[in-house]
Amino acid sequence: MKTLGVVTSGGDAPGMNASIRAVTRVAHSRGMKVIGFKRGWEGLLANTFEQLTPRSVGGILEVGGTILYTVRSPRFKTEKGIEKAAETLATNNVDGLVVIGGDGSFRGAHHLSRNTDTLVVGIPASIDNDIFGTDETIGFDTAVNTAVTEIDKIRDTAISHERTFIVEVMGRQRGFLALAAGITAGAEVILVPERKIRHTEIFEKLEQNEAKGKKSSIIVAAEGVGDNREIANRIRERTGAEVRLSVLGYAQRGGSPTARSRLLACLFGSKAVELLSKKHGNLVVGLCLGKIATISLEKSCTTRKALDLDLLQLANLLAT
Ligand code: ADP
């Protein structure tokens with residue numbers, strides 16, 4: 001293994017840079033040259049890359065986002081796009097490609113892996129934590145901490161004004177972030193796309209809280225549960241309570257990675273290079289019960305990671 005390619009793709013996540021640094025430095029220590037493709041899969045379509053060296057990746061460990069940039073690339077999804085990307089890998093004699101990204105990027109990586117001799121390894125990096133084969137993705141812990149810090153602040157206002165707040169966190173399809181942020185911020189109600197609940201259930205819960213003497217409540221809702229403004233209106237109509245919606249938005253995607261996100265980036269990056277140097281490819285690196293593990297790229301892409309819905313009951317119990 002002489003030349004290694006690195007690409008960051010899909011939504012950015014804090015810790016992507018830390019993994020670029022880890023891949024580059026570990027690969028360099030094993031005598032490999034590393035090139036970083038720019039702007040996700042587009043870099044493989046346009047053959048745009050820069051050489052990465054141990055020095056060029058200095059000072060990025062603690063920086064959010066990705067120095068390689070990232071875009072979503074509809075062109076890459078076509079047969080022509082995949083063909084062009086495979087050609088770019090061959091032209092540059094890339095023996096191994098490390099793909100740092102989310103589930104969409106891995107579906108792309110899987111598609112590409114079936115059309116190239118280059119070995120492909122995925123490093124899961126996403127604030128959504130929705131990748132099968134790893135208990136945790138790089139960036140998830142940072143996003144949870146960002147959300148909790150904001151929810152704690154919102155709680156101050158909720159208590160002072162005796163109001164109910166709906167705090168919308170990211171998660172169009174999945175509720176991992178909402179669930180973790182909701183539990184750790186002590187939310188009274190958590191709404192996730194995986195478990196649809198009727199509005200009446202929310203009203204009942206808020207009424208029970210009021211009967212117990214709680215004068216304010218926090219509802220943490222994933223963006224994918226529906227129109228959270230509409231839910232706020234319905235609660236207001238039904239209970240007469242003051243309800244406010246606060247959408248946390250893109251702040252959850254950025255910021256300096258937590259130590260936890262950095263550690264995963266270092267461990268996953270190192271493992272990815274080790275696998276490729278042993279000529280093991282078409283795999284995803286992950287964390288499984290506290291140990292660094294690997295799973296096939298195909299299985300990771302085609303299996304839905306389950307959200308532990310029992311945790312909603314625990315959250316209920318802890319918020320009594
Ligand atoms: P994430 O990796 O954060 O989940 P996306 O779902 O947007 O982000 O995927 C990133 C990119 O991966 C897409 O813009 C597209 O180029 C590529 N991709 C996604 N799904 C596929 C697929 N089924 N086949 C080929 N490429 C894909």
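**Exercise 1.** Which of the 15 residues around the ligand come nearest?

*Solution.* The model is predicted, with local features needing pLDDT of at least 70 and side-chain atom pairs pLDDT 80 or more, whereas totals for chains, interfaces and linings use all residues. Residues are numbered from 1 along each chain, and side-chain values use heavy atoms, without hydrogens and water. Counting a residue as around the ligand if one of its heavy atoms lies within 4 Å, those that come nearest are Arg 72, Ser 73, Asp 103, Gly 104 and Ser 105.

**Exercise 2.** Find polar contacts (N or O atom pairs within 3.5 Å) of the ligand, and its buried share.

*Solution.* Begin with Asp 103, where a polar side-chain atom lies 2.9 Å from a ligand oxygen atom. Next, a backbone N or O atom of Gly 11 is 3.0 Å from an oxygen atom of the ligand, and for a side-chain N or O atom of Trp 41 the distance to a ligand oxygen is 3.3 Å. Finally, with accessible areas from the Shrake-Rupley method and a 1.4 Å probe, the ligand taken alone exposes 560 Å², of which the protein buries 82%.

Definitions and conventions. Polar contact = N/O pair within 3.5 Å; in protein donor to acceptor, adjacent residues only side chain to side chain.
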